[in-house]
Amino acid sequence: MALKEFIDRYIRQIIAVVILIIFALVIVGGALLMKSQPPAIIDPSSSFLTDNPIVSRLPYQDPYYNISYKTDSQTTNQITLTIRTPSPRYRYTAIGKLQSWGYDPTDYKIEFIDYKNPLEK
């Protein structure tokens, strides 16, 4: 029996065997990869992210304003949000962005950077 005739006759079985071999290699490779990785280490910053979930969205950059944060000290998880824009209109828009994310701006200390009083000359 020629090779072509053999392949034509047993093509479904050949495909099934190839798929099973690939599947087995993926399973074995995944198991080996999991064993080769070091055990999970508790990240001290996870407490920071839990206490301040808003930081996962920051920094946020818009063409007219930027929202970021800074930590208040090395020992606490307190943050101050910073909004950088000279425009009163875009300060208001940045506060609206915080609200659209579902955060209450009154829950945070907010510092406006590049603030220019429109009433001063």
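User: Let me start with one residue: is Pro53 buried or exposed, or something in between?

Analyst: Pro53 counts as partly exposed, because its relative accessibility is 39%. The cut-offs: buried means under 20% relative accessible area, exposed means over 50%, and partly exposed is in between (1.4 Å probe, protein chains only). Before going on, keep in mind that this is a predicted model, where local features need pLDDT of at least 70, side-chain atom pairs count only at pLDDT 80 or more, and totals for chains, interfaces and linings use all residues. Residues are numbered from 1 along each chain as its sequence is written, and side-chain values use heavy atoms, with hydrogens and water left out.

User: Where does Pro53 sit?

Analyst: Pro53 is in the loop between helix 3 and strand 1. Helices (H or I, at least four residues) and strands (E, at least two) are DSSP runs, numbered from the N terminus. Pro53 also has a sequence-distant residue to look at: Tyr103 is 50 residues away along the chain, with a C-alpha to C-alpha distance of 9.6 Å.

User: Which peptide bond is cis, and where is its proline?

Analyst: General idea: most residues other than glycine have a negative phi, and most peptide bonds are trans. Here, the bond from Leu58 to Pro59 is cis, with omega near 0°. Pro59 is in the loop between helix 3 (45-51) and strand 1.

User: OK, zoom out. How many helices and strands are there, and what pattern do they follow?

Analyst: There are four helices and four strands. Along the sequence they read α-α-α-β-β-β-α-β.

User: How do the strands pair up, and in what order?

Analyst: General idea: strands of a sheet pair through backbone hydrogen bonds, either parallel or antiparallel. Two strands count as paired if DSSP finds at least two bridges between them. In this model the four strands make an open sheet, ordered 1-2-3-4, with mixed pairing. Strand 1 (60-61) and strand 4 (109-113) are at the edges with a single partner strand each, so one side of each has no neighbour in the sheet.

User: Can you walk me across it? What joins strand 1 to strand 2?

Analyst: A hairpin of four residues makes that connection. The two strands pair in the antiparallel sense over two bridges, and Tyr60 has Ile67 in strand 2 as its bridge partner. Next along, strand 2 and strand 3 are antiparallel too, with six bridges; there Asn66 stands opposite Arg84 of strand 3. Then comes the parallel pair: strand 3 (residues 79-84) and strand 4 are joined by five bridges, and Leu81 faces Ile110 across them.

User: Which helix lies across the sheet, and at what angle to strand 4?

Analyst: Helix 4 (residues 88-100) lies across strand 1, strand 2 (66-71), strand 3 and strand 4, at about 145° to strand 4. For the angle, axes are lines fitted to C-alpha atoms, for helices over the stretch in contact (heavy atoms within 4.5 Å), and angles run from 0 to 180 degrees between N-to-C directions.

User: Now the charges. How many salt bridges does the structure hold?

Analyst: General idea: side chains of opposite charge can pair when their charged atoms come close. The cut-off is a side-chain nitrogen of Lys or Arg within 4 Å of a carboxyl oxygen of Asp or Glu. This structure holds three.

User: What do they connect?

Analyst: Take Asp8 and Lys4, with N to O at 3.3 Å. Both are in helix 1 (residues 3-9), four residues apart, about one turn of the helix. Lys4 counts as exposed, because its relative accessibility is 59%.

Then there's Glu111 with Lys70, at 2.6 Å, N to O. Glu111 is in strand 4 and Lys70 in strand 2, so this pair ties together parts 41 residues apart in sequence. Glu111 is partly exposed at 30% relative accessible area, and Lys70 is partly exposed at 37%.

Asp114 and Arg84 also form a salt bridge, with their closest N and O atoms 3.6 Å apart. That pair links distant parts of the chain, 30 residues apart: Asp114 is in the segment after strand 4 and Arg84 is in strand 3. Asp114 is partly exposed at 39% relative accessible area, and Arg84 is partly exposed at 39% relative accessibility.

User: And for the protein overall, how much is buried?

Analyst: Of its 121 residues, 19% count as buried.
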